[in-house]
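Hi everyone, thanks for making time for this one. I'd like to walk you through a structure, so let me bring it up on the screen.

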Amino acid sequence: LDPTVKLVQDNPCLTEFITSVLALAEPSPSILSFALRLAGILAASENRFQHLQQEKLLVRLFGRDGPLNSAVWEDASVRSGWVEGVHSMMHHQPALHFLCNGGGIDVIFTLQGDPSLFVASAASQLLVHMLTLSVESETTKPLSTKDCDWPACAQMIIKRIEDSLQSSSASHIEQSLKLLTSLFGSCRATWTEALWLGIAKQIESFLTEETVQAQHMLANLLLNMAWSPVFCDTEGSFWALVTSALEHLTPVQAGPLAVGILRLYKCPQDVRIQALTVLLQPMDCILRAASQPLEYAGLLDESVSDPITVESLLSSKSSCASLLCQTLAHLEELLSLIHLPVDLPYTSLLRSLMTILQFCNGFLSPASPLGSTISRILINCFRVQRSALDVLAALSEQKGCDVLIGSLFDVLLSYLESPNTSPTVLKKTFQATSKWLVRLQELSCSNSQWQQTEKILEDVFLVLQKRLCSPCWEVRDSSLEFLTVLIKCLRDQDEFRQSLLSSEVPRLTENLLEDPESYVRASAVTAVGHLAFITYFAPEPPVTGNQYNKENTVAKLQEILSTDPEGFPRRAVISIFTKWLRQGCTGQLEDTEQFVSRVIQTVEHDLDWEVRLGGLELVEVFCSQTICQLGLPKCPYAPVSSAVTSSIHQSESLQIFCRAKLFSFLFRSLCDCDKPVGQRACDILLGLRGNFYPVSTLKDSQGTGDSPAGHGIAWLQRTLRQGSLAQNFPTDGGNGVDFQDPESMMLALGTIDLEELHDELLKSSDHVEKSPQSLLQDILATVGTIEENEADCY
């Protein structure tokens, strides 16, 4: 007996359920929908399909006598269940013929226009699947465009597509174009070319016939075809159609097609140039509108479509911003590519971007009537400002824009200074400015343009001083983020350090550690932490009186870590302390061991698990550095294999860890109620054990339970296995465990089964929560309160 049929015969309840649903005079739509889906899944196997056919179940579910002609068909869930059921069973020819011969194709074509978008989309996908199944399972030789070569079911579908494309119904045309787009996107077989040749002329006519409103769908169709090797490798007809589309589609419709083509590697050069021209046309128009006669070279020698079209879109309030935002988004996408298949005219593009930004803030008085109209539309247009600044930031990576750098900073500074700049636009301006300051620094190193750089930095810090005092917290926050980025990128440059330290920015930044807004305090902590690399930890710290007091700053940060009511500033402090430790700066503050000890004793009682996790990262860095400094292996947690390795160094590092109260923190963290904390602590302890125990001696030590400390360790192991909550975990030496005693800790590392703990911590809660019993409890819990919890239970 076929095992697939055995499933149905061994579980008669499956077919009984379907039969009982069909016997109901008025079945519930959701129950009927479920029955349709279930039958489709069962019929996916050819033998089970035949079995259900013999029982006359499939024809009563999916045939003309099924729910198709009943009142329940009005419910979208039933139509959805029908489409999904049919899709599930479409794995063999009998199912295909059953549906085609029973009039199912007509139903699916009708469902393409269903008011439910889910049903319409599923119907379109189903037709693609059926066409592919029909052609690939029923043909043996390559197909031509002649009807007789197509299998019967494929012929029916193709005939319906062709009829829809030639009909006068816009919705039928759209549905068929969607279907073709999906087909060419998912199927790369050579037979798709035979299908295309039969409909190409009709598709081409949509570009030139004004009466048909299907042009907006052609860009996606042609792009999906261009990505297919069947079409992109061909010369002639297909690319001629793409060229025609770039000419005839509106700039808004042609934009996505143009940028998609520019991302292709296999594309004729003339088509690529044409696509680039389409994309740059709005930017060219902006440049020409800004000054007449044109002062500089434009972006284009000639345009693809009529420039009047773009001009009219840019001079209309309803379309100007959306066309520019779309164009700018496409340009940013191109600039993000590692390898750009075309050369962009970077200088002219940058000039055009600066012009847009000046139109938006009213700093440009254009001479042409078109320019005046555009500037009136764009004044204070946040959407366009944000998009233009994103492209401006991306352009900083490209060579060839350097001649305009002075004018560019004039534009950026006008945005940074203007009280009309919105907080979101200001944030984008900061991001673009930081990227261009890095570019400027690279240039001044090679060109000796110190004076220009010094002047720009001076102006930037003057503006930053004002912005750090803004009444708007978002502005203060993004100003601090900007400062942090600058320090990260430019802290090694003398001019930058001098300009920063001669401004009021460091003092104002420290003042913001007491800001009323927690996000600002967190950003101030990060900025102060990075400032320290210049003010305290530089090889030659600045000599400017007692302005920078190391101890005061560290005390402030430690106070924030122990007393700030919000989590963000505390997380920022632990992150900065870890960064300082990583870069070897804490030894300049005080004894690193004392510093780490004080921080972890504060952190272990923190209610925010991310702060506790940050504390463990600090411990990991400290352990790694201590072990390396004492001459143990370079790799932080490499197992010690050589007997020559000095036990003195081992003993010394163990004593340091005990004195710093590391073990108390680590073992307590193992029982943390937040699993990531326990997992990290376990990883660190496993690493430490690898250092202190050669693999060979580990097994010997695991039997040691008789030493005086052993009883306490046995209790500790039991406690860890139970995973008791941290608050019940004694760290005062109760039960005979002394976490500051090196011998006890050596014994604990050797005795406790950390691997078992590790596996336990890695276990997801799903092994409890996803059991059938748990699911049943959830279902029972919703009884009586169906309305409230129906979605959750489902």
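**Around helix 35**

Let's begin at Lys661, which is found in the loop between helix 34 (647-659) and helix 35. Before I go further, please keep in mind that this is a predicted model. Lys661 isn't a glycine, and yet its phi is positive, at about 60°. As for its surroundings, Lys661 has a relative accessible area of 31%, so we call it partly exposed.

Now step into the helix that follows. How many of the nine residues of helix 35 are buried? Nine of the nine, across residues 662-670, so helix 35 is largely enclosed by the rest of the structure. The buried residues of helix 35 include Leu662, Phe663, Phe665, Leu666, Phe667 and Leu670. Do notice that Arg668 is also among the buried residues of that helix, as are Ser664 and Ser669.

There is another lysine to show you with a backbone like that of Lys661. Lys56, again not a glycine, has a positive phi of about 60°. You'll find Lys56 in the loop between helix 4 (46-54) and helix 5 (57-62). Its relative accessibility is 52%, and because the cut-off for exposed is over 50%, Lys56 counts as exposed.

**Salt bridges**

On to the charged pairs. Here is the general idea: side chains of opposite charge can pair when their charged atoms come close. Searching the whole structure turns up 24 salt bridges, and I've picked a few to show you.

Take Asp163 and Lys159 to begin with. They form a salt bridge whose closest N and O atoms are 2.9 Å apart. Why are they separated by about one helical turn? Because Asp163 and Lys159 are four residues apart in helix 10 (residues 152-166). As a reminder, an α-helix has 3.6 residues a turn, so residues three or four places apart point the same way. Asp163 is partly exposed at 34% relative accessibility, and Lys159 is partly exposed at 44%.

Helix 25 (residues 450-468) gives us another example, with Lys455 and Asp459 four residues apart and so separated by about one helical turn. Their side chains meet in a salt bridge at 2.8 Å, N to O. Is each partner buried or partly exposed? Lys455, at 47% relative accessibility, counts as partly exposed, whereas Asp459 is buried, with a relative accessible area of 19%.

Next, a pair that reaches across the chain. Arg680 forms a salt bridge with Glu620, and their closest N and O atoms are 3.0 Å apart. This pair links distant parts of the chain, with Arg680 in helix 36 (residues 675-692) and Glu620 in helix 33 (residues 609-629), 60 residues apart. Arg680 is partly exposed at 27% relative accessible area, and Glu620 is partly exposed at 22%.

And here's a small group rather than a pair: a network of salt bridges links Asp402, Arg439 and Glu442.

**A buried aspartate**

Please look now at Asp515, in the loop between helix 28 (505-511) and helix 29 (518-535). Asp515 counts as buried, at 7% relative accessibility. What does the side chain of Asp515 make a polar contact with? The partner is the side chain of Arg476, at 2.8 Å. If we set aside neighbours within four places in sequence, Asp515 is in contact with Arg476, Val520 and Arg521.

**Cavities**

Last stop: the interior spaces. A search of the whole structure finds two cavities of 30 Å³ or more.

The largest cavity has a volume of about 90 Å³. Its lining comprises 15 residues, and those nearest the centre are Pro251, Ala254, Gly255, Val278 and Pro282. Helix 16 (251-262), helix 17 (269-290) and helix 19 (320-335) each supply at least two lining residues, and helix 17 gives the largest share, with four. By class, that lining has nine nonpolar and six polar residues, and no charged ones.

The second largest cavity holds about 30 Å³ of space. Lining the second largest cavity are Gln717, Leu720, Arg721, Ile752, Asp753, Glu756 and Leu757. Helix 38 (710-722) and helix 40 (754-762) are the elements that give two or more residues to this lining, and the largest share, three residues, comes from helix 38. By class, the second lining has three nonpolar, one polar and three charged residues.

That's my tour, and I'm happy to go back to any view you'd like.

Technical notes
Residues are numbered from 1 along each chain as its sequence is written. This is a predicted model: local features need pLDDT of at least 70, side-chain atom pairs count only at pLDDT 80 or more; totals for chains, interfaces and linings use all residues. Side-chain values use heavy atoms; hydrogens and water are left out. On a 1 Å grid over the protein atoms alone, a cavity is a set of points where a 1.4 Å probe fits but cannot get out, and a pocket is an open set with protein on both sides within 12 Å along at least five of seven lines; lining residues have an atom within 4 Å of a point. Grid points are joined across faces, edges and corners, and a volume is the space filled by probe spheres set on the points. Ala, Val, Leu, Ile, Met, Phe, Trp, Tyr, Cys and Pro count as nonpolar, Asp, Glu, Lys and Arg as charged, and the others, Gly among them, as polar. Buried means under 20% relative accessible area, exposed over 50%, partly exposed in between (1.4 Å probe, protein chains only). A polar contact is a pair of N or O atoms within 3.5 Å; within protein, one must be able to donate a hydrogen and the other to accept it, and residues adjacent in sequence count only if both atoms are side-chain atoms. Contact means heavy atoms within 4.5 Å. A salt bridge is a side-chain nitrogen of Lys or Arg within 4 Å of a carboxyl oxygen of Asp or Glu.
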